[in-house]
Structure formats: C-alpha cells, structure tokens
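Visitor: Hi, I'm new to this one. Can you walk me through it?
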Amino acid sequence: MTLNATKGQKLLRFLANNTVPILFLIICAFGIPLSGYSANYLVSEIIIRLVRNSFLIVSLLIPILAGMGLNFGMTLGAMAGQIGLIFISDWGIVGIPGMVLAMIISTPISMFLGWLCGKILNMAKGREMVTSYIIGFFMNGIYQLVVLYGMGAVIPIRSKSLVLPRGYGIRNTVNLIGIRKSLDNLLMIRILGIPIPVATFILIALLCLFVLWFKKTKLGQDMRAVGQDMEVARAAGIPVEHTRILSIVISTVLAGYGMIIYLQNIGTLNTYNSHMQIGMFSVAALLVGGATVAKANIRNVFLGVILFHLMFIVSPMAGKNLIGQAQLGEYFRVFVSYGVITISLVLYEMRKKREQAEAGLSLAAAQEVEA
Amino acid sequence: MKMGRTLLIRLSAVLVILILSVVLFFIGKSHTVLVDNKTVTVEGREIAPLKLVEVSVSKQGALELTPRDRDKFEVTGQKHRVTVTYTDDAWNERTITRSFTVPLMQDMVMVLVPALVAHPEGDQALWLENYEAPTYAVTMSESDEVVTDDMAGLITGI
C-alpha cells in the first residue's frame with residue numbers, strides 16, 4: 001500500500017516537474033497531423049532550428065548556475081553581436097573571417113554591457129530576472145540611439161546600402177549575404193536527403209563541453225555555491241558579487257556569439273527587432289525543455305529547441321488547416337512564448353512553496369519523534 | 001611580480017586578438033572585380049573590344065564576353081590573377097595571365113579587357129581602374145521605414 005502511494009507520488013512529482021514539456025508534447029502531438037507536414041520536412045526544419053538557436057540558449061545556463069535565474073539580459077549580448085555584424089557588413093568582410101571578426105568586435109561590447117548588467121543585478125538581488133528584462137529594454141533605447149542616430153553621423157559607415165536615405169542611421173534590414181550560411185555550409189553532409197551542418201554542430205558541441213568543464217572548475221563550483229546560498233558562499237570566502245558579475249559577463253559574451261551564429265543562418269539582420277525577440281524565444285525554449293529558474297542543463301536546451309520550434313513550425317499550417325488562417329498560428333506562437341514563461345514561473349514558485357511546506361512538515365515530524 | 005606577469009599575459013592576449021583582427025580584415029575583405037569588354041581609350045589610342053573573349057579571375061569559372069559586355073567576379077583578399085583567353089587575327093588562341101592587387105578599401109575595380117590584351121606586359125594602371133558604383137545602384141527607396149516594434153509585423157497582418 002505504502003509502495004503504491006510512493007509510486008503514485010513519484011508519478012505526480014514527475015508530472016509536476018515536467019508539466020511544460022508534457023504540455024508541449026501534447027500540443028505537438030495534435031499539431032503535427034493537423035499541419036500535414038512530412039516527417040522528412042519536420043526533421044530538416046528541426047535541424048535548422050537546432051543549429052540556429054542552440055548556442056544562444058546554452059548561453060543562458062551559466063547565470064542559472066550562479067542563481068541569477070534566466071538572463072533576459074542576453075539581449076545585450078545579442079545587440080553587441082549585431083553591432084559587430086553591422087561593422088563587418090560595412091567593411092565588406094565576408095565568410096568565416098567576417099563571422100570571427102564580428103565576434104571579436106562584439107566581445108568587448110558584450111563584456112562591458114555584461115559587467116554593467118551584473119553590477120545592476122547585484123543591486124537587485126532576488127529580482128534578477130525582472131531587472132535584467134528591464135535592463136534589456138533600457139539598453140535597447142541606447143542601442144537605437146547609437147544605431148539609428150550615431151551610425152553614419154558620428155560612427156563612420158561607408159556603405160550607402162546600409163545607411164538610411166537621410167544620411168545617418170542604419171536601415172531596418174541589413175543584408176548579411178556575405179556571411180550567410182558560411183559556417184553552416186563549411187561542412188555540410190546529407191543524410192537521407194536532410195542537410196546536416198556538421199561544423200555548426202561541432203561548435204555547439206564544443207560549447208556544451210565548455211559548459212560541462214566550466215561547472216567543474218573552481219569558478220564553476222563558486223558559482224554553484226553562490227547559486228545555492230549567497231551568505232554561506234560569502235562565509236566560505238567566495239567573492240559573491242564578483243562571481244555573479246562574471247556569470248553574467250560570460251553569458252552575455254556567449255549570447256553575442258550565439259546571435260552571430262543565429263543571424264549567419266538566417267542571412268538577414270532585422271536591425272531594430274532581432275535582439276528583442278531572441279531573448280524571449282530563447283528563455284521560452286529553455287523553459288519548454290523542462291528547465292526552471294534555478295536548474296537547467298544541456299538536455300533542457302536541446303529538448304526545448306526541439307519541442308518549442310516544432311510547435312513554431314507546425315502551428316501556422318495547423319492554424320491554416322484548422323481555421324483557414326495561418327495568422328492564427330503566428331498569434332498562437334507569440335501567445336505560447338509568453339504563456340510558457342508565465343506558466344514556468346508560476347509552477348516554479350508553487351513548487352518552491354510546496355517543497356518548503358514539505359520540509360517544514362518533515363522537520364515537525366522529526367521533532368515530534370524526538371519528543 | 002605575479003601581478004606584472006598577469007598584466008603581461010593579458011596585454012599579450014589583447015595584442016594577439018588585435019593582430020588576428022587585422023589578418024581577418026585583410027583575408028576576408030571582399031571586392032567586386034568587373035570585367036569589361038567595351039571600347040577603351042588608353043594613352044590617347046582607342047582600342048576596340050574583342051569579338052569573343054573568355055575571362056576568369058582567381059580560379060573562378062570563366063565568363064564569355066562579347067563586345068559591350070560587362071560581368072563581375074566576387075573575390076576576397078587583395079591579390080588576384082586574371083586570365084584572358086581570346087583568338088587573335090591569325091586564328092591562334094592566346095592566353096594572357098596577369099596578377100593584380102586590389103586597393104584594400106576599394107569595393108570595386110574594373111579590368112578593361114581590350115586594354116589588357118593590347119598591353120599584356122603594361123602597367124596595371126593601364127588596364128585596371130577603380131570603379132565606384134552609381135548611387136542609385138546601392139541605395140534603396142526613400143520610403144525605407146524604420147520599424148522598432150517587435151509586434152508590428154503581426155499588427156499589420158490583420
């Protein structure tokens with residue numbers, strides 16, 4: 001009887017811990033037949049999305065390790081990556097050299113923005129996510145000021161195809177034809193007709209290995225300690241504030257690189273929007289993969305990309321086939337992106353409270369036994 | 001002492017990255033090489049275009065040009081080789097290969113094929129000239145709106 005109850009409890013716990021991925025599995029299970037897409041098409045699309053988004057989402061893992069929650073401030077890194085891309089487009093640097101140069105340009109900008117973000121987040125302990133979200137909006141204003149008014153006026157931009165007709169400011173879209181798929185096409189193989197960009201997967205695998213290695217380093221262990229309990233970490237001699245700033249800096253720099261990889265796959269930079277969308281979609285994908293505000297791993301990244309983007313792929317066509325309007329699917333996916341973040345945050349809080357209550361009950365029971 | 005060593009390592013790393021950036025800039029810089037088969041005037045002498053000529057630049061596929069034709073090659077880096085294959089008046093096939101250097105910040109250069117054929121050993125300046133694309137070719141319409149709202153795409157679709 002006790003064993004059955006334990007099994008039931010385990011099942012309930014499993015369901016509670018994986019509510020979001022299960023929800024998405026159900027959505028996809030309904031959406032795939034409705035969309036009418038072939039398995040081959042879906043697999044090739046998923047591979048494209050994995051290549052495009054994984055690097056960005058992996059960049060979110062380190063701040064979670066340091067207990068700073070989901071780094072909505074990754075948009076800062078994305079902005080830095082975009083600035084790097086604008087410069088290489090202006091200078092006409094193409095291919096892999098162009099991508100690497102864009103990454104080099106983005107690095108100091110990302111580091112500075114990450115440091116700034118980390119400093120502010122240290123002043124807002126316990127409210128890191130909402131603070132980083134707002135920092136993203138604030139920095140977007142600065143980005144717009146620089147790109148829309150500074151570039152071409154103060155910062156020299158030679159290319160007329162980049163500058164707005166008024167003579168300053170960058171156009172709404174920047175054509176990245178020079179670096180388009182340069183990494184993806186570096187080592188492309190086909191399996192059953194499905195293109196697999198091996199070079200990009202190798203880069204993502206290297207980043208995953210870096211994250212796994214990093215967790216075992218002194219700094220990684222310090223971050224874990226800070227994430228578990230800041231006061232205990234401080235008492236153990238860990239420079240808590242510095243460690244937290246470092247986690248955000250690393251995340252921001254990686255987000256910058258991720259944005260460059262993302263945009264080389266797409267081939268077009270939406271100057272004023274790309275970075276804003278990417279923060280929300282990356283966070284949502286990680287949460288869909290079963291991550292929480294306090295715990296995330298590489299498995300969550302890949303599961304999240306697969307489930308979240310599978311929903312992205314099938315929902316417009318499912319919406320069109322179901323109601324006759326593809327636009328419904330577009331609304332659906334934006335709605336789901338915000339919705340999944342909300343559900344995850346609510347579930348996380350509920351779980352935290354439940355665990356606290358359970359811990360209280362078991363402590364009370366233990367005290368009763370002792371008495 | 002340790003502080004000084006750390007600083008030295010950091011400065012060295014920055015220096016290596018700066019050198020790498022410069023190298024990337026040089027090897028990744030793209031240029032457009034136009035190949036032009038039109039009547040040209042060199043040193044006061046008018047040179048007629050070739051009836052049919054095959055031109056290739058830096059191991060890229062050859063292009064065939066007839067009189068008044070102009071085509072282009074996209075290349076990266078500064079140093080390149082142009083190969084021109086044509087049939088002379090005695091029906092002998094001739095091939096001219098010349099190396100040339102594109103100025104670093106020059107986006108477009110134009111190889112004047114008739115001038116190159118007339119002066120195969122001549123100075124690069126005789127058959128290669130810098131080219132600036134006309135303004136209308138690189139700018140888009142005046143009504144290029146800046147959209148800064150990420151929901152704008154959805155709202156206009158209603």
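Guide: Here is a short tour of the cores, the ring pairs and one loop residue. It's a predicted model, where local features need pLDDT of at least 70, side-chain atom pairs count only at pLDDT 80 or more, and totals for chains, interfaces and linings use all residues. Residues are numbered from 1 along each chain as its sequence is written, chains are lettered from A and ligands numbered from 1 in the order in which they are written, and side-chain values use heavy atoms, with hydrogens and water left out.

Visitor: How many residues are in the largest nonpolar core?
Guide: It has 101 residues, and A:Phe24, A:Leu70, A:Ile170, A:Leu286 and A:Phe308 have the most contacts inside it. A nonpolar core is a set of buried (under 20% relative accessible area, 1.4 Å probe, protein chains only) Ala, Val, Leu, Ile, Met, Phe, Trp, Tyr and Cys residues joined through side-chain atoms within 4.5 Å.

Visitor: And which residues sit in another core, apart from it?
Guide: That one has 29 residues, including B:Val55 and B:Trp127.

Visitor: Switching to rings: how many aromatic pairs over all chains?
Guide: The search finds 14. Rings of Phe, Tyr and Trp (its six-membered ring) pair if their centres lie within 6.5 Å; planes under 30 degrees apart are stacked, over 60 edge-to-face, the rest tilted. One of the pairs, A:Tyr149 with A:Tyr168, is tilted, at 6.2 Å centre to centre and 40° between the planes.

Visitor: Is A:Tyr149 buried or partly exposed?
Guide: A:Tyr149 is partly exposed at 45% relative accessibility, a class that runs between the buried limit and 50%.

Visitor: Which residues does A:Lys181 touch?
Guide: Leaving out residues up to four places away in sequence, A:Lys181 touches A:Gln264 and A:Asn265, where contact means heavy atoms within 4.5 Å.
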